[in-house]
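Work through the exercises below with the structure open beside you, and try each task before reading its solution.

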Amino acid sequence: MSETIYEIKNLQKYYEINLGLFKKPKIIKALNGISFDVKRGEVLSLVGESGCGKSTTAKLILKIEEPTGGEILFNGEDITKLQHHELEEYRKKVQIIFQDPYSSLNPRWKVGSIIGEPLKLNTNMRDIEIKERVLYLMEKVGMHPDWYERYPHQFSGGQRQRIGIARALALNPEIIVCDEPVSALDVSIQAQVLNLLLDLQDEFNLTYIFISHDLSVVEHISDRIVVMYFGDIVELKSVDDLFKNPEADYTKKLLSAIPTIKD
Amino acid sequence: MKNLLEVKNLKTFFYSDAGVNKAVNDVSFEIPKGKTVCIVGESGSGKSITSLSILRLIDHPGVIEGGEVILDGKDLLKLSDAQMRKIRGREISMIFQEPMTSLNPSYTVGYQIDEALRLHQKHLNKKQRFEKVVESLDLVGIPDPREKYREYPFKLSGGQRQRVMIAIAMACEPKLLIADEPTTALDVTIQAQVLDLMKELQDKKGTSILFITHDLGVVYQIADEVVVMYKGHIVEKASAQELFKDPRHPYTKALLHSIPIPGVTPRKSKLDTVDDDVDYLSFPKEIR
C-alpha cells in the first residue's frame, strides 16, 4: 500500500442557485479548484470559517456529492468515476463521524442495531457474529455491554458520540472523516472523545480527516493543517510550522482570534 | 453601593414524576457595577437556569423555591409580574445563544430593536425612536444603519444577527446585560469581534455583564470574576486572575486541564477529563 491515501487535484464544486424563470442562475463557487494529499496514518485537519468549503470537501470525498471538476484519487484510483460495485467497496473503506450526536442517530433504534447496521448491509456475517462484533466495538469505545439494548435518548452527548464512533469503526475503514466531532460537546466530554479518537487511531492504524473550527483542538490532534478561506486553500503546513510561522494574513487573523488561557 | 446585583441562596427546582431536580441549589454571588462576572460549567450545571431565575423566566415545572435576587436594593423575587415586566429589557436584558432563532424572521431588524423602545421609553416619539435605533445599530458596528433598519434577519450573517441582538439588549441602556453563550454559535474571528464589542459597550455605558459560557478561553478574555458551577452548586468563586493562576477546587482543575492549550499541552497527549466517578461536591467549596 502506498504512503498517500488521497491525492486531490484541482477539485471544484459549484452550486447553481435559480433566481427565477427568466433570470440567469447564480453560481456559488464553494470550491475553487483545491489540491492536497492525505498521507496514510496522519491526522489532516481542515480549518476555516463557516462557508469556507471544508464540509463541501468532506462531502465530495465521501461521494455524498459530485464534484464539478477535478480528481479525487484514492489509493491511485479516481473515485469520481466509480460505478456500482466499486463504489460500494469504496464506501466501506471511508466512514464519517458526524457533528451532532443528537440528530445523527435514529431514535427508534437500539444501540446494538445502530452499530450493527453497516455489518448487516455490507457483510455476510450471521446475526450472532454481528452481535459479537458490536459488543467488541462497544468495549473499544468504552461503552458497557449492558447498553446493547438501550435507545439513544438514554445517553448523554458524549456517550452518543461514542455510538457514532463505534458504528464508523464497524467495517474496519482505512479512513474516517470527522466532521466537527467534538464541537457539540462540553469541554470535559470533548477531552474524553479526543482521547478516544487518538487511542483508536493507534490501535486500528486509522487516518483521520478532521474538520473543525476550534484551533486549540486542531493543534492538539493534527499532524498537518489545511487552512481554507472562501473555497481556496490559503495555507497547508505541519502543525508546528503553522503555529510558529503562519504566512497567510488569514491564518494570522485566525490564530490571533483563538481565546486561550495562556498570555 | 459597590454591587449592582446580589444573588443570595437562590434555589430553583424542577418537579416531575421522577422526583425533584435541584437545578440551582443554594447559589450566592454578586455582580459589581461595571464588571463582568462569568458563570462557567458544563451542560446541566445550572448556569443557564441561574440566569433565567434572575429574570424570573422559569416556566412550569420549574419553581424558584427560595433566596433573594437583589437589584439596586430591591428583591426581584418579591415584585409583582407587572413590576417585573418593567425590569426586563429596561434594567436587565438578555442575549441568547442562537442568533439564528432568537430574532423574529417576519419583522425587520429595525422594528425589532424599536420594540424595546416602544415598550420601555414611552416618552419618545416615532422620529426620536428611529434615530435611536439607527444610533444603536451604528454603535454595535453594523454598516449603513439607515439601510439596515429595513432589512429582514435572513439577510444578515450570524455575526451581524448577534450584533442586532446586542443592539436590542442595549437599546434601553440596561444596568445589567445577561449573555447566555452569546458566541458559541459563531466562528472564532466573529467571536473575537463580538467579545470586543461587548467590552467596548461596557466601557462606554458602564453596564455590568453576567456572561454564561462553557468556554474557559472566552472566560479568560473577558471575566473580572468567575463563578464555577457544578450540578447546581457553586464549587469555586474567585477573581479571574486568581482562578487561572491558582485553581483550588478539584473540579475547576479538571475542567482547566481538559482543554488543550496550543504550545503548552504536549501534542496528542492524554487530556485530563472530569471523572464521572468522583463526587466533586464532597470537596470543600473554594470561595475567595
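**Exercise 1.** Locate B:Asp144 in this predicted model, and decide whether B:Asp144 is buried or exposed.

*Solution.* Begin with the chain trace, where B:Asp144 is found in the loop between α4 and α5 of chain B. Next take the backbone angle: phi is positive, at about 45 degrees, although B:Asp144 is not a glycine. Most residues other than glycine have a negative phi. Finally count the surroundings: 11 other C-beta atoms lie within 10 Å, and a residue with 12 or fewer counts as exposed, so B:Asp144 is exposed.

**Exercise 2.** Carry out the analysis for B:Glu181, and state in which loop B:Glu181 is found.

*Solution.* B:Glu181 is found in the loop between β7 (176-180) and α7 of chain B. Its phi is positive, about 50 degrees, although the residue is not a glycine. The neighbour count for B:Glu181 is 18 C-beta atoms inside 10 Å, and this residue therefore counts as partly exposed.

**Exercise 3.** Identify the residue that B:His60 joins through a cis peptide bond.

*Solution.* The partner is B:Pro61, and omega for this bond is about 5 degrees. B:Pro61 is found in the loop between α1 (47-54) and β4 of chain B.

**Exercise 4.** Work out the strand order of the open sheet of 4 strands in chain B, and then determine which strands stand at its edges.

*Solution.* The order is β2-β1-β4-β5, with antiparallel pairing. Because β2 (19-32) and β5 (74-75) of chain B each have a single partner strand, they stand at the edges, and one side of each is left without a neighbour in the sheet. Within the sheet, β1 (residues 3-16) and β4 (residues 62-71) of chain B run antiparallel and are joined by 8 bridges; to check the register, find B:Val7, which stands opposite B:Val69 in β4(B).

**Exercise 5.** List the buried residues of helix α3 (residues 109-120) of chain B, and explain how they are arranged around its axis.

*Solution.* The buried residues are B:Val109, B:Gly110, B:Ile113, B:Asp114, B:Ala116 and B:Leu117. Seen down the axis of α3(B), they fall within an arc of 145 degrees, so they line one face of the helix. These residues pack against α4 (126-139), α5 (145-148) and α6 (158-170) of chain B.

**Exercise 6.** Describe the side of chain B that touches chain A, by element and by class.

*Solution.* The contact takes 32 residues from chain B and 27 residues from chain A. On the side of chain B, the elements giving two or more residues are α7 (188-205), α8 (216-222) and α10 (250-257), and the largest share, 5 residues, comes from α8(B). By class, that side has 15 nonpolar, 10 polar and 7 charged residues.

Key:
Residues numbered from 1 in each chain as written. Chains lettered and ligands numbered in written order. Predicted model: local features only at pLDDT ≥ 70, side-chain atom pairs only at ≥ 80, totals over all residues. Buried ≥ 20, exposed ≤ 12 C-beta atoms within 10 Å, placed from the backbone. Arc of directions from axis to C-beta. Contact = placed C-beta atoms within 7 Å. Nonpolar A, V, L, I, M, F, W, Y, C, P; charged D, E, K, R; others polar. Pairing = 2+ DSSP bridges.
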